[in-house]
Amino acid sequence: MGCHTCGRRQVDPDSGPSAWRRAVVAGEQVLVCPDCQVEGWTDGLDRCRSCGSTVLVKRLGEVSCRTCGAAGDGGQPAEGSSAPSAARETLADDVAAALERVLRGEG
Ligand SMILES: [Zn+2]
Ligand SMILES: [Zn+2]
């Protein structure tokens, strides 16, 4: 895999960690060489839906964020947390009714 921007082939670093950066563009894992990591180079990268970070890694077909850990980029909407509470309210009414019978001294 070469540099996404200039196409240069990645070479094994002689020492220390590689300065090549992983990123995700249009849902695909890409590499960017150190020379192309100039100011604004992240403008064209995919961003995390949760935190906006461009530090994304695609693994096993799934894009995950290295910054906040958010995973999944399959166009699925986030799970809504506004579930109807009707069942909970019904249960509360039953409990209140039972408690009221007890307090009224039935027994
Ligand atoms: Zn490059
Ligand atoms: Zn994130």
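Tutor: A salt bridge is a side-chain nitrogen of Lys or Arg within 4 Å of a carboxyl oxygen of Asp or Glu. Keep in mind that this is a predicted model.

Student: How many salt bridges does a search of the whole structure find?

Tutor: The search turns up 3 salt bridges.

Student: What makes the contact of R8 and D35 a salt bridge?

Tutor: Their side chains meet at 3.3 Å, N to O. The cut-off is 4 Å, so the pair qualifies. The two residues come from distant parts of the chain: R8 sits in the segment before β1, D35 in the loop between β2 and β3, 27 residues apart.

Student: Why is D35 called exposed?

Tutor: Exposed means over 50% relative accessible area, and D35 has 59%, so the word fits. R8 has 35%, which lies between 20% and 50%, so R8 is partly exposed.

Student: How do you know that K58 and E28 form a salt bridge?

Tutor: Their closest N and O atoms are 3.4 Å apart, and that is within 4 Å, so the pair counts. K58 lies in strand β3 and E28 in strand β2, so this bridge ties together parts that are 30 residues apart in sequence. K58 is partly exposed at 25%, and E28 is partly exposed too, at 46%.

Student: And what makes E100 and R104 a salt bridge?

Tutor: The closest N and O atoms of E100 and R104 are 2.7 Å apart, within the 4 Å limit, so they pass. R104 is exposed at 63%, while E100 is partly exposed at 40%.

Student: Now the metals. Which residues coordinate the zinc ion (ligand 1)?

Tutor: C3, C6, C33 and C36 do, each through SG, at 2.3 Å. Donors must be within 2.8 Å of the metal, so these sulfur atoms count. Along the chain the spacing is C-x2-C-x26-C-x2-C. C3 lies in the segment before β1 and C33 in the loop between β2 and β3, 30 residues apart. Both C3 and C33 are buried.

Student: Why is the site of the zinc ion (ligand 1) called tetrahedral?

Tutor: The angles among its 4 donor atoms run from 105 to 113°. Four donors count as tetrahedral if all angles lie between 85 and 135 degrees, so this site earns the name. The ideal angle for four tetrahedral donors is 109.5 degrees.

Student: What makes the site of the zinc ion (ligand 2) tetrahedral?

Tutor: Here the angles are 106 to 115°, inside the 85 to 135 range, so the site is tetrahedral. The donors are SG atoms of C48, C51, C65 and C68, at 2.3 Å, with the spacing C-x2-C-x13-C-x2-C.

Student: Is C48 buried or exposed?

Tutor: C48 has 9% relative accessible area, under 20%, so it is buried. C51, at 38%, is partly exposed.

Student: How do you know that Q29 is buried?

Tutor: Q29 has a relative accessible area of 18%, and the cut-off is 20%, so it counts as buried. Q29 lies in strand β2. Its side chain reaches the backbone oxygen of A23 at 2.9 Å and the backbone nitrogen of K58 at 2.8 Å. Among the residues Q29 touches are M1, V24 and L56.

Key. Residues numbered from 1 in each chain as written. Chains lettered and ligands numbered in written order. Predicted model: local features only at pLDDT ≥ 70, side-chain atom pairs only at ≥ 80, totals over all residues. Heavy atoms only, no water. Donors = N, O, S within 2.8 Å, 3.2 Å for Na, K, Ca; no water. Tetrahedral: all angles 85-135°; square planar, octahedral: opposite > 155°, others 65-115°. Buried < 20%, exposed > 50% of the residue type's maximum accessible area, 1.4 Å probe, protein only. Helix = DSSP H or I, 4+ residues; strand = E, 2+ residues; numbered from the N terminus. Polar contact = N/O pair within 3.5 Å; in protein donor to acceptor, adjacent residues only side chain to side chain. Contact = heavy atoms within 4.5 Å. Lists of a residue's contacts leave out its neighbours within four places in sequence.
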